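Hi everyone, thanks for making time this morning. I'd like to walk you through one model and a few places in it that caught my eye.

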Amino acid sequence: MVDHEFGGQWTEQKLEALKNYLTQYRLIFTQNEKARYFKTIYVDAFAGTGERKAPEINVEDRQLFGPDELPEVEAYLKGSARIALELASPFDEYVFIDKKRDHVEQLQSMIKRDFPELEPRCHIQQEDGPQAIRELCKRRDWKKERAVIFLDPYGMNIEWELLKQIADTQAVDLWFLFPLGTGANRLLTRDATPPKAFADKLTRIFGTDAWKTEFYTQSGQSDLFGEDPKLVKDVSFDQIGQFLIKRLKTIFHGVAPTTKALYNSRNNPMYLLCFAAGNPKGASTAIKIADYLLGQRS
Ligand SMILES: C[S@@+](CC[C@H](N)C(=O)[O-])C[C@H]1O[C@@H](n2cnc3c(N)ncnc32)[C@H](O)[C@@H]1O
């Protein structure tokens, strides 16, 4: 029984872009003679159970149904793992990582039940996603392998060093769900620069402390006693996103200029979906495809 529930309309949007990208990616790697040489790997670092419960039935409404009826009225929607496994042309290998044991177990049984022919290609790891990705980047033979990594955390787990390691493979395309409203913006305190713990976290995420000058401005003049003028937050969601893209461009061969902000029902941007390509040869095609998908309205 699947009890992994998250997301809203934004979940649909991010998964739609991912599905269409993976489809195009596999098309390139099956049709292009040179690309056929490579083994392709799909890596989902925060894989979940593979499925998720449709969010439209709220807690109160659930009480209207008996326990036997609920499963019938609830649509079970596809999660990223299932989407990747359902591709008409599957990847040569799948790596699914989740730190929760029950999520890993549900994912294992879903694969056994619904994709038995792909089971030998699947590696399911109960582990910390960032740690597993660091190992994968180090250990794989990037002369012969190409990967798409999907980083889809709830919170601020992804740090710059990890992004740099992914970029350095020169063989990985990255879909990254950046916690714009749920993470970064909350750490950027309004009336003064953030306390040290928040500031350090922001610096670890962006890989620089340049965010301080980009996101904060002086309010007023220094006073008669020579006290420094106050620094106040002066940045929009859009500008935070642009700063992230600018930073990603310093390490990846290409970054899609378009991003997709994913809003919650109160119209606040929660996440920013972005794409970066690490492989110098494929980057321009990859960016074209991803940029188009990110710009699509849903
Ligand atoms: C937003 S869900 C991912 C959903 C999935 N990508 C999908 O579309 O179906 C986040 C998942 O990350 C897992 N998770 C949270 N922290 C993690 C970590 N540090 N390492 C690996 N998995 C983690 C949670 O258990 C949860 O299943």
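I'll take confidence, then the ligand, then two pairs of helices.

Please keep in mind that this is a predicted model. So how does the chain score on pLDDT? The average is 88, and 86% of the residues reach at least 70. Two stretches deserve a warning, though. In residues 1-7 the pLDDT falls below 50, and the model gives this stretch 18 contacts beyond near neighbours in sequence. Residues 68-75 also stay under 50, with 8 contacts beyond four places in sequence. Where pLDDT is low, the predicted coordinates should not be read in detail. Please treat the contacts of residues 1-7 and 68-75 with that in mind.

Now to the ligand. Which residues come nearest to the ligand? They are Phe46, Gly48, Gly79, Ser80 and Gly129, out of 20 residues around it. By class, that shell holds 7 nonpolar, 6 polar and 7 charged residues.

On to the helices, beginning with H6 and H7. H6 covers residues 129-139 and H7 covers residues 160-168; their axes are 10 Å apart, at an angle of about 30°. Because that angle is under 35 degrees, H6 counts as roughly parallel to H7. The crossing of these two helices is left-handed. If you'd like to find the contact on screen, look for Pro130, Ile133, Arg134 and Cys137 on H6, and for Leu162, Gln165 and Ile166 on H7. Sorted by class, the residues in this contact are 5 nonpolar, 1 polar and 1 charged.

My second pair is H8, residues 180-187, with H11, residues 237-249. How are H8 and H11 oriented to each other? Their axes cross at roughly 95° and come within 11 Å, so the two helices are roughly perpendicular. On the H8 side the contact uses Leu180, Gly181, Ala184 and Asn185, and on the H11 side Phe237, Ile240 and Gly241. This contact has 4 nonpolar and 3 polar residues, and no charged ones.

To recap the helices: H6 and H7 run roughly parallel, whereas H8 and H11 are roughly perpendicular. That's my tour, and I'm happy to go back to any part of it.

How values were computed: Residues numbered from 1 in each chain as written. Predicted model: local features only at pLDDT ≥ 70, side-chain atom pairs only at ≥ 80, totals over all residues. Axes fitted to C-alpha atoms, helices over the stretch in contact; angles between N-to-C directions. Helix = DSSP H or I, 4+ residues; strand = E, 2+ residues; numbered from the N terminus. Parallel < 35°, antiparallel > 145°, perpendicular 65-115°, else oblique. Left-handed = near helix turned anticlockwise from the far one by under 90°. Contact = placed C-beta atoms within 7 Å. Nonpolar A, V, L, I, M, F, W, Y, C, P; charged D, E, K, R; others polar. Near = placed C-beta within 6 Å. pLDDT = per-residue confidence, 0-100.
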